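Colleague: I have the sequence and the model open side by side, and I would like to go through the labels one at a time. Could you walk me through the reasoning behind each of them?

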Amino acid sequence: MSNDLAVSASDSDPAPSAGGALTIFRGVRRALATHGYATLTEFRLASGRRADVLGIDESGSILIVEVKSGVPDFRSDQKWQEYREWCDAFYFAVDDGFPTELIPEDCGLMVADAYGAEILREAPVAKLAAARRKTLLLRAAMTGAGRLHRIEDPMFSQASPTV
């Protein structure tokens with residue numbers, strides 16, 4: 001990944017607010033998309049934790065981005081270290097008002113707004129085991145397909161009788 005991830009492409013997410021997590025999510029997703037990553041938000045891992053943003057590129061590389069909307073959000077989070085075992089690279093994403101010196105040096109760091117993101121520090125890469133990668137890729141595919149189906153056919157339910 002390059003250090004400049006700014007982009008102005010449109011996105012189908014809800015309109016960003018003046019600040020906060022929503023704008024960070026949008027900027028991160030837009031930036032990752034320009035670098036070949038497809039993303040899912042609030043992705044449930046097998047551990048039961050939910051990754052804020054899960055990104056997958058065409059080589060199967062997996063990254064997780066933990067969005068922090070402010071210092072209280074960062075300080076109250078005790079679970080972020082658990083995400084590292086579920087990705088090749090782990091990042092924090094914050095807005096430009098966040099004191100970046102709080103982010104641990106051994107994590108990637110992005111600064112984002114509603115229009116894009118910039119990587120201030122690349123994440124160390126620790127490749128996943130093949131079996132875990134396969135499981136994550138299949139879960140991501142099923143999650144994405146299920147979400148798309150619910151958007152395209154909101155009246156459908158698994159409990160509905162089939163014809």
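Modeller: Gladly, and let's begin with a term: buried means under 20% relative accessible area, exposed means over 50%, and partly exposed is what falls in between. Please keep in mind that this is a predicted model.

Colleague: What makes R49 count as buried, exposed or partly exposed?

Modeller: R49 has 29% relative accessibility, and because that lies between the two cut-offs, R49 counts as partly exposed. R49 sits in the loop between β2 and β3. Leaving aside neighbours within four places in sequence, R49 is in contact with F43, R44, K79, E82 and Y83. R49 and Y83 are 34 residues apart along the chain, with their C-alpha atoms separated by 7.9 Å.

Colleague: And how do you know which class E42 belongs to?

Modeller: The same reasoning applies: E42 has 34% relative accessibility, so E42 counts as partly exposed. E42 lies in strand β2.

Colleague: What is notable about the phi of E42?

Modeller: Phi is positive there, about 50°, although E42 is not a glycine. Most residues other than glycine have a negative phi.

Colleague: Why is I119 called buried?

Modeller: I119 comes out at 1% relative accessibility, and because the cut-off is 20%, I119 counts as buried. I119 belongs to strand β7, residues 116-121. I119 and F92 are 27 residues apart in sequence, and their C-alpha atoms are 9.8 Å apart in space.

Colleague: Let's step back for a moment. What is the overall layout of helices and strands?

Modeller: The chain has 3 helices and 7 strands, and along the sequence they follow the pattern β-α-β-β-β-α-β-β-β-α. Of the 163 residues, 41% count as buried. Among contacts with a separation of 6 or more, 55% come from residues 24 or more positions apart.

Colleague: What makes you say that β5 is largely enclosed?

Modeller: Strand β5 covers residues 89-94, and 6 of its 6 residues are buried, so the rest of the structure largely encloses this strand. Both faces are covered: A89, Y91 and A93 are buried on one side, and F90, F92 and V94 on the other.

Colleague: Which strands pair with β5, and how do they run?

Modeller: β4 and β5 run parallel and are joined by 5 bridges, with I64 standing opposite F90. Between these two strands the chain passes through helix α2, residues 71-76, in a right-handed β-α-β crossover. β5 is also joined to strand β6, residues 108-113, by 4 bridges, and these two run parallel as well. In β6, V111 is the bridge partner of V94.

Colleague: Which residues have the most contacts inside the largest nonpolar core?

Modeller: They are I64, F90 and I103, in a core of 24 residues. The elements giving two or more residues to this core are β2, β3, β4, β5, β6 and α3. A second, separate core has 18 residues, including A31, Y37, V65 and Y91.

Colleague: Why is the pair of W80 and F90 called stacked?

Modeller: The ring centres are 5.8 Å apart and the planes make an angle of 15°. Stacked requires centres within 6.5 Å and planes under 30 degrees apart, so the label fits. W80 lies in the loop between α2 and β5 while F90 lies in strand β5, so the pair ties together parts 10 residues apart in sequence. Both W80 and F90 are buried.

Colleague: Then what makes the pair of F90 and F92 edge-to-face?

Modeller: Here the centres are 5.2 Å apart and the planes stand at 85°; edge-to-face needs over 60, so the pair earns that name. F90 and F92 are both buried. Ring pairs link F74, W80, Y83, F90, F92 and F98 into a cluster, and the chain's count comes to 6 aromatic pairs.

Colleague: Last one: how do you know that the length of α3 agrees with what a helix should span?

Modeller: Helix α3 has 23 residues, 130-152, and at 1.5 Å a residue it should span 33 Å; the end C-alpha atoms are 33 Å apart, so the two agree. Within α3, R133, L136, A140 and G146 are buried, and the buried residues of this helix pack against β2, β3 and β4.

Technical notes
Residues are numbered from 1 along each chain as its sequence is written. This is a predicted model: local features need pLDDT of at least 70, side-chain atom pairs count only at pLDDT 80 or more; totals for chains, interfaces and linings use all residues. Side-chain values use heavy atoms; hydrogens and water are left out. The expected span of a helix is 1.5 Å times one less than its number of residues. Buried means under 20% relative accessible area, exposed over 50%, partly exposed in between (1.4 Å probe, protein chains only). Contact means heavy atoms within 4.5 Å. Two strands pair if DSSP finds at least two bridges between them. A crossover is right-handed if, with the strands pointing away from the viewer, the path from the first strand over the helix to the second runs clockwise. A nonpolar core is a set of buried Ala, Val, Leu, Ile, Met, Phe, Trp, Tyr and Cys residues joined through side-chain atoms within 4.5 Å.
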